[in-house]
Amino acid sequence: MSNLTLPPVAKSLYYMCKKCEGERFHRVLAHKTSTSAKIECEICKSVKTYTLPKTGSDAPSARRLSGAAGTAAAKKAASSARSHTGNYEIYNSNALGLEATPYSIKGNFKESQKLNHVKFGIGFVIKAYSDKVDVIFSDEVRTLMHNRP
Ligand SMILES: [Zn+2]
């Protein structure tokens with residue numbers, strides 16, 4: 001509900017009277033609805049309907065904002081919809097300034113580690129298993145062996 005209320009019945013309010021062609025005191029005769037009342041001009045006794053000005057606060061409160069928008073950004077690196085190049089760029093920018101470990105089958109690589117493969121170039125470990133690692137290179141994801149004696 002709006003905070004505007006009708007003046008009590010029998011109370012006067014200053015209102016434009018078309019018949020008198022000016023603002024006149026009008027006596028409230030009765031409330032018609034919660035926002036309109038029957039009023040009578042104190043001068044010419046003409047009866048008219050007084051309606052509370054619309055404020056827009058009575059409009060249905062349909063708009064409700066959900067605060068779920070922020071969480072999507074946190075998953076950007078894991079998004080499967082993202083292109084390979086985009087994923088590689090994310091790893092690349094996250095590992096900016098990090099030293100690339102030369103890849104070796106005897107090495108032991110951990111997730112997110114930056115490595116340098118003789119043939120494939122710079123790559124980033126996206127998943128590490130006990131004997132192999134999934135590594136994203138600029139062109140594609142490759143599974144490499146590691147932890148071998
Ligand atoms: Zn009047």
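The following conversation concerns a predicted model and takes up its cores, its sheet and one glutamate.

Reader: Which residues make up the largest nonpolar core?

Author: That core has 8 residues: Tyr103, Phe109, Leu115, Val125, Val133, Val135, Phe137 and Leu144.

Reader: And which strand gives the most to this core?

Author: Strand 8, spanning residues 132-137, does so with 3 residues. A second, separate core has 7 residues, among them Leu6, Val28, Ala37 and Tyr50.

Reader: Back to Val135: what does this residue touch, leaving out residues up to four places away in sequence?

Author: Val135 touches Leu115, Gly123, Phe124, Val125, Ile126, Glu140, Val141, Arg142 and Leu144.

Reader: Turning to the sheet, in what order do the 5 strands lie?

Author: The order is 5-6-7-8-9, in an open sheet with mixed pairing. Strand 5 (101-102) and strand 9 (141-145) are the edge strands, each pairing on one side only.

Reader: How many bridges join strand 6 to strand 7?

Author: There are 4 bridges between strand 6 (residues 114-117) and strand 7 (residues 121-128), and the two run antiparallel. In one of the pairs, Lys114 has Phe124 of strand 7 as its bridge partner.

Reader: A different topic: where is Glu23 placed?

Author: Glu23 belongs to strand 2, residues 22-31.

Reader: Why does Glu23 count as partly exposed?

Author: Glu23 counts as partly exposed because its relative accessibility is 43%, and partly exposed covers values between under 20% for buried and over 50% for exposed.

Reader: What is Glu23 in contact with, leaving aside neighbours within four places in sequence?

Author: Glu23 is in contact with Tyr14, Tyr15, Met16 and Cys17. As for Leu13, its C-alpha lies 9.9 Å from that of Glu23, and the two are 10 residues apart in sequence.

How values were computed: Residues numbered from 1 in each chain as written. Predicted model: local features only at pLDDT ≥ 70, side-chain atom pairs only at ≥ 80, totals over all residues. Heavy atoms only, no water. Core = buried A, V, L, I, M, F, W, Y, C linked by side-chain atoms within 4.5 Å. Buried < 20%, exposed > 50% of the residue type's maximum accessible area, 1.4 Å probe, protein only. Contact = heavy atoms within 4.5 Å. Pairing = 2+ DSSP bridges.
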